[in-house]
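Visitor: I'd like to learn how to read helix packing and ring pairs in a model. Can you walk me through it?

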Amino acid sequence: MHDRQIEQERYDRAARHLLAQESEFLKSDGARSICTELRSPYEEYEKRISLVARPGCRVLDLCCGTGLYSVLPASLGAKVTATDIASANLEVVQRRAVRASVSIRAVVADAERMPFADKSFDVVTIANSLSYVDLDIFISEVERVLCPGGFFIFVDSFNHNPVYVLNRYVHYLRGHRTWSTLVRVPSRKTLQKLGARFSEFSVNYFGHLSFLRPILSWFLASDRIARFSKSIDRIAPPIFQNMAFKIVGS
């Protein structure tokens, strides 16, 4: 079975499980749904979206999953289109939209072959899904559907810290991810390609010491771990960027 089909079926199963326990997935959206200690990159992601998702602008949320980050731009008045290859995910998206009293257009679509006209969006977003696409094809598609002066915003993992690399490999061995998604986790090469294609490209690095979270949790509360992590991220010099757990760029 092709990796793409394996991942589609995996996420369809997960979404159907969520649909069976609606009260659980409707509790929170976006960064608020992430544990306190790991929330800061998602807060930065939402901050970048909030700066450009003005009322009436057209936002495309690619590989949207269950729509955790689709609600925010819609709540700001943007016209949001959320896409994913797993149709059950989009059922969850629509239920989130109803709960949040916003309108979100949900479309089953492959991010490498988008069914949208050229220059049809002002903002394109993607969260934790760059490892699911062929980067060169994906970038060309994003460039095609973005209007001149449009914005591309992402949050994702970073593939240089050996602790996180090993952890992802263990997940692969356990059948929790496919080989293609393992080798496509964003790296310096990914950032170089994105920087070469999008003007004024900037990246923030998060979770330099997130691998210490299990140890710190023995004697520190979640909010204190979060503050400690943020302080380290603020003062970490560029030489330590490869230690980061997550990256946010636009």
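**Helices and rings**

Guide: Let's start with a crossing: α6 passes α9 in a right-handed way. Right-handed means the near helix is turned clockwise from the far one by less than a right angle, and left-handed means anticlockwise. This is a predicted model, where local features need pLDDT of at least 70, side-chain atom pairs count only at pLDDT 80 or more, and totals for chains, interfaces and linings use all residues. Residues are numbered from 1 along each chain as its sequence is written, and side-chain values use heavy atoms, with hydrogens and water left out.

Visitor: At what angle do the axes of α6 and α9 cross?

Guide: Axes are lines fitted to C-alpha atoms, for helices over the stretch in contact, with angles from 0 to 180 degrees between N-to-C directions. Here α6 (residues 135-145) and α9 (residues 188-197) cross at roughly 25°, and their axes come within 11 Å. That makes α6 roughly parallel to α9 (angles under 35 degrees count as roughly parallel).

Visitor: Which residues make the contact?

Guide: Contact means heavy atoms within 4.5 Å. On α6 the residues are Leu135, Asp136, Ile139, Ser140 and Glu143, and on α9 they are Thr190, Lys193, Leu194 and Arg197.

Visitor: Where else can I practise on helices?

Guide: Try α1 (residues 3-19) and α5 (residues 87-100), which pack at about 35° with axes 7 Å apart. The crossing of α1 and α5 is left-handed. From α1, Tyr11, Asp12, Ala15, Arg16 and Leu19 meet Ser87, Ala88, Asn89, Glu91, Val92 and Arg95 of α5.

Visitor: And how many aromatic pairs are there?

Guide: A pair of aromatic rings is described by the distance of the centres and the angle of the planes. Rings of Phe, Tyr and Trp (its six-membered ring) pair if their centres lie within 6.5 Å; planes under 30 degrees apart are stacked, over 60 edge-to-face, and the rest tilted. The structure holds 13 such pairs. One of them joins tyrosine 11 and tyrosine 132, edge-to-face at 6.0 Å centre to centre with 75° between the planes. Tyrosine 11 sits in helix α1 and tyrosine 132 in the loop between β4 (121-127) and α6, 121 residues apart.

Visitor: Is tyrosine 11 buried or exposed?

Guide: Tyrosine 11 is partly exposed, with a relative accessible area of 33% (buried is under 20%, exposed over 50%, partly exposed in between, with a 1.4 Å probe and protein chains only).

Terms used:
Helix = DSSP H or I, 4+ residues; strand = E, 2+ residues; numbered from the N terminus. Parallel < 35°, antiparallel > 145°, perpendicular 65-115°, else oblique.
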